Amino acid sequence: MEQTIAVKHFQGQVEITYQDLAKYHDKDHWGGVALAFKIMQCVSRELNPDQPLDRSLIRIRTGLNPPGLIDSFEFLTRAVTRQRLIVDSTLNGSPASAFGHFSFHIYYGDKAVSLKLKDGILPDDFAALGKKCESGYGSDEEQQRWNGLKHGLGDEVMKLEPEDLFTIKVHYGQSGE
């Protein structure tokens, strides 16, 4: 059975799959798509178990902003269009990427969950290779490897549970720190 995340909005409820997110995104940064799915899966389990997430209660601080991650957060939560997503470069202490650091604070009403990608999930040269290729300086070979890493990361992330990917801390109260 395909994994889903249930979200409710003004008109009702919808079940969203990883494949739905992949269709919405341009299929280039699949690792970010998968990470967003797993992050929101964790938020659902930890902060609102057995019920759909209410989009109006979700606020996001992210330490990085790759297209797949941001597109997927938007599809799942509408946090971008509702101005409830902040890219915060001070969120670090986690593995680096070409787009920042893999640290997240997701707020749901008066609760929050902090997630940091665990060490060892990414290759050692992930951030450096990504920066080089995203800025247009990667060789053809490096670009092929970078594209393979992005796609492969998505596949690998989807095989894992959130607790296998992230160090997770749940907070109660508004701070979420």
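**A. E134 is partly exposed, with a relative accessible area of 35%.** Its salt-bridge partner, K150, counts as buried at 4% relative accessibility. (Buried is under 20% relative accessible area, exposed is over 50% and partly exposed lies in between, using a 1.4 Å probe and protein chains only.) The closest N and O atoms of K150 and E134 are 3.7 Å apart. K150 belongs to helix α5 and E134 to helix α4, so this pair ties together parts that are 16 residues apart in sequence. A salt bridge here is a side-chain nitrogen of Lys or Arg within 4 Å of a carboxyl oxygen of Asp or Glu, and the structure holds six of them. Helices (H or I, at least four residues) and strands (E, at least two) are DSSP runs, numbered from the N terminus.

A note for all the views: this is a predicted model, in which local features need pLDDT of at least 70 and side-chain atom pairs count only at pLDDT 80 or more, while totals for chains, interfaces and linings use all residues. Residues are numbered from 1 along each chain as its sequence is written, and side-chain values use heavy atoms, with hydrogens and water left out.

**B. Helix α5 turns one face inward.** Helix α5 covers residues 140–159, 20 residues in total, and spans 29 Å from its first C-alpha to its last, close to the expected 28 Å. (That expectation is 1.5 Å times one less than the number of residues.) Look for W146, L149, K150, L153, G154, V157 and M158, which are buried. Viewed down the axis of α5, the buried residues fall within an arc of 155°, so they line one face of the helix. The arc is taken from the directions from the helix axis to the C-beta atoms. As background, an α-helix has 3.6 residues a turn, so residues three or four places apart point the same way. On the other side of α5 you will find D140, E141, Q144 and K159, which are exposed. The buried residues of α5 pack against α1 (18–24), α2, α4 (126–134) and α6 (162–165); contact means heavy atoms within 4.5 Å.

**C. R145 of helix α5 forms a salt bridge with D125.** The closest N and O atoms of D125 and R145 are 2.6 Å apart. This pair links distant parts of the chain: D125 sits in the loop between β8 (111–117) and α4, 20 residues from R145 in helix α5. Both ends are partly exposed: D125 has 32% relative accessibility, and R145 has a relative accessible area of 37%.

**D. D88 and R61 form a salt bridge.** Here the closest N and O atoms are 2.8 Å apart. D88 lies in the loop between β5 (85–87) and β6 (96–97), while R61 is in strand β4 (residues 58–64), 27 residues apart. Are the two partners buried or exposed? D88 is buried, with a relative accessible area of 15%, and R61 is buried too, at 16%.

**E. Strand β7 is mostly covered, with seven of its nine residues buried.** Strand β7 (residues 100–108) has three neighbours to trace. Six bridges join β4 to β7, which run antiparallel; one of the facing pairs is I60 and I106. (Two strands pair if DSSP finds at least two bridges between them.) Two bridges join β6 to β7, also antiparallel, with S97 opposite G100. Six bridges join β7 to β8, again antiparallel, and Y107 stands opposite A112 there. The hairpin of β7 and β8 has two residues between the strands, and G109 takes a positive phi near 60° in it.

**F. I39 is a member of the largest nonpolar core.** This core has 45 residues, and I39, M40, F73, F104 and I106 touch the most other members. Helix α2 (residues 30–47) gives the most to the core, with 11 residues. Leaving aside residues up to four places away in sequence, I39 touches L69, F73, F104, I106, L115 and F166. A nonpolar core is a set of buried Ala, Val, Leu, Ile, Met, Phe, Trp, Tyr and Cys residues joined through side-chain atoms within 4.5 Å.
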